[in-house]
Amino acid sequence: MSEALFESRIDSLELIHRGKVRDLYALGADHLLMIATDRLSAFDVVLPQPIPGKGAVLTALTDFWMQRFKGRIPNHLDPTVDLSRYLRPVELAQCVGRAVVARRLRALPVEAVARGYVIGSGWKDYQASGVVSGVRLPAGLRLADRLPEPIFTPAFKAPKGQHDENIDYAGVEQLVGADLAAQVRAATLSLYREAADYAAGRGIIIADTKFEFGVDSSGRLHLIDEVLTPDSSRFWPADQYRPGGSPPSFDKQFVRDYLETLDWNKQAPGPQLPAEIIEKTAAKYREALERLTA
């Protein structure tokens, strides 16, 4: 995990999209090659330095959870494809430990967020109105308080260059229809509860997480993209959790906290990170993987 990959170069395939973290390539008509780089974004800006090993951690954790959940819901992974048929050795080397082959599915335009604690944008909405994505919460909650029950707080996945928008459940029904909306909500809360219970036994609180879903040609729901990683979730060490403040975490919140101390306008280009911040961030990602999969 010591060698960082900021950007992949796979000339044998068509590049479809280079996201904040993942590079997507066309692999025939029915598949995608998804490479998790070591890029890190904060405040919607990709920072100039990678976090060594980060992409491998995201890939390993996603695979771990998808294998755990595969009896409950199908996913987009197709391990039967032999990449050596498509890529040159130098290209294959970029894929080791950080790439997956995925079936092409129709991605739903919804970020399916489950919250078990009130934090982040949910805390801001709660302070303003007592309501998060149409769900009214009890009065008197403190920052990072546990909710009586996990709640479904979706967001509309905005087009590239625009910010995602928090919506209520009725908004999900308008986007994907009542039947799929019900499936997405049920799957989101069920998977979150199972994962939170599992992680609690390993000393980690999953405060919230976002799932993404897609459907195949028959309309069957699949789990796609990344699953329960430090990039898509808030992982807190249970032994350091104290409501009323922002708990320490196993994710890029450590980097965000550092950036907040700088005189930076949160616009590209992002600032250079000190070696100590890079090393500590990489260690936090590795610790999350080790605790959850050991």
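# A quick tour of the predicted model

Arginine 185 lies over the face of tyrosine 169, at 3.7 Å from the ring centre. That's one small spot in what is a predicted model, and there are plenty of others to look at. Strand S8 (residues 110-117) makes a good anchor, since it is largely enclosed by the rest of the structure. From there you can move out to its partner strands, a separate look at an open sheet, and a few helices and rings.

**Strand S8 and its partners**

- How many residues of S8 are buried? Eight of the eight are, so the strand ends up largely enclosed by the rest of the structure.
- S8 pairs with strand S14 (residues 204-215) through four bridges, and the two run antiparallel.
- Strand S11 (residues 146-152) is also an antiparallel partner of S8, this time over three bridges.
- Strand S12 (residues 155-156) joins in too, with two bridges to S8, again in the antiparallel sense.
- Arginine 115 is a handy residue to click on: opposite it in S14 stands aspartate 208, while its bridge partner in S11 is isoleucine 151.
- For the S12 pairing, look for glutamate 111, which stands opposite alanine 155.

**On from S14**

- S14 pairs with strand S16 as well, in the antiparallel sense and over five bridges.
- Aspartate 208 turns up again here, as its bridge partner in S16 is arginine 234.
- S16 (residues 233-237) is mostly covered, with four of its five residues buried.
- Past S14 comes a loop that leads to strand S15 (221-224), and serine 217 is found in that loop.
- Is serine 217 buried or exposed? It's exposed, with a relative accessible area of 86%.
- Serine 217 and proline 248 are 31 residues apart in sequence, and in space their C-alpha atoms are 42 Å apart.

**The open sheet**

- Four strands make up an open sheet with antiparallel pairing, and their order is S1-S2-S3-S6.
- Which strands stand at the edges? They are S1 (15-18) and S6 (99-103), each with a single partner strand, so one side of each has no neighbour in the sheet.
- On average, and ignoring direction, neighbouring strands here are turned by 20° against each other.
- Inside this sheet, strand S2 (residues 22-27) and strand S3 (residues 31-36) run antiparallel and are joined by six bridges.
- To find your way into that pairing, try tyrosine 25, whose bridge partner in S3 is leucine 33.

**Helix H4**

- Helix H4 (residues 169-176) has these buried residues: Tyr169, Gly171, Val172 and Val176.
- Those residues cover an arc of only 150° around the axis, which puts them on the same side of H4.
- What covers them? S8, S11 and H5 are included in the cover.
- Tyr169, one of the buried residues, is also the ring with arginine 185 over its face.
- Just after H4, glycine 177 takes a positive phi of about 95°.

**Helix H5 and the aromatic rings**

- A search of the whole structure turns up eleven aromatic pairs.
- Take phenylalanine 64 and tyrosine 198: their ring centres are 5.6 Å apart and their planes are at 45°, so this pair is tilted.
- Phenylalanine 64 lies in helix H1 (residues 54-69) and tyrosine 198 in helix H5, so the pair ties together parts that are 134 residues apart in sequence.
- Tyrosine 198 is buried, with a relative accessible area of 11%, whereas phenylalanine 64 is partly exposed at 21%.
- Together, Phe64, Trp65, Phe69 and Tyr198 form one aromatic cluster.
- Glutamate 194 also has its place in H5 (residues 178-200), and it touches Arg68, Phe69 and Arg72, leaving aside residues up to four places away in sequence.
- Why does glutamate 194 count as buried? Its relative accessible area is 18%, and buried means under 20%.

**One more charge over a ring**

- Lysine 266 has its charged end over the ring of phenylalanine 43, 4.9 Å from the centre of that ring.

Notes: Residues are numbered from 1 along each chain as its sequence is written. This is a predicted model: local features need pLDDT of at least 70, side-chain atom pairs count only at pLDDT 80 or more; totals for chains, interfaces and linings use all residues. Side-chain values use heavy atoms; hydrogens and water are left out. Buried means under 20% relative accessible area, exposed over 50%, partly exposed in between (1.4 Å probe, protein chains only). Two strands pair if DSSP finds at least two bridges between them. Contact means heavy atoms within 4.5 Å. Axes are lines fitted to C-alpha atoms, for helices over the stretch in contact, and angles run from 0 to 180 degrees between N-to-C directions. The arc is that of the directions from the helix axis to the C-beta atoms. Rings of Phe, Tyr and Trp (its six-membered ring) pair if their centres lie within 6.5 Å; planes under 30 degrees apart count as stacked, over 60 as edge-to-face and the rest as tilted. A charge sits over a ring if NZ of Lys or CZ of Arg is within 6 Å of the ring centre and within 35 degrees of the ring normal.
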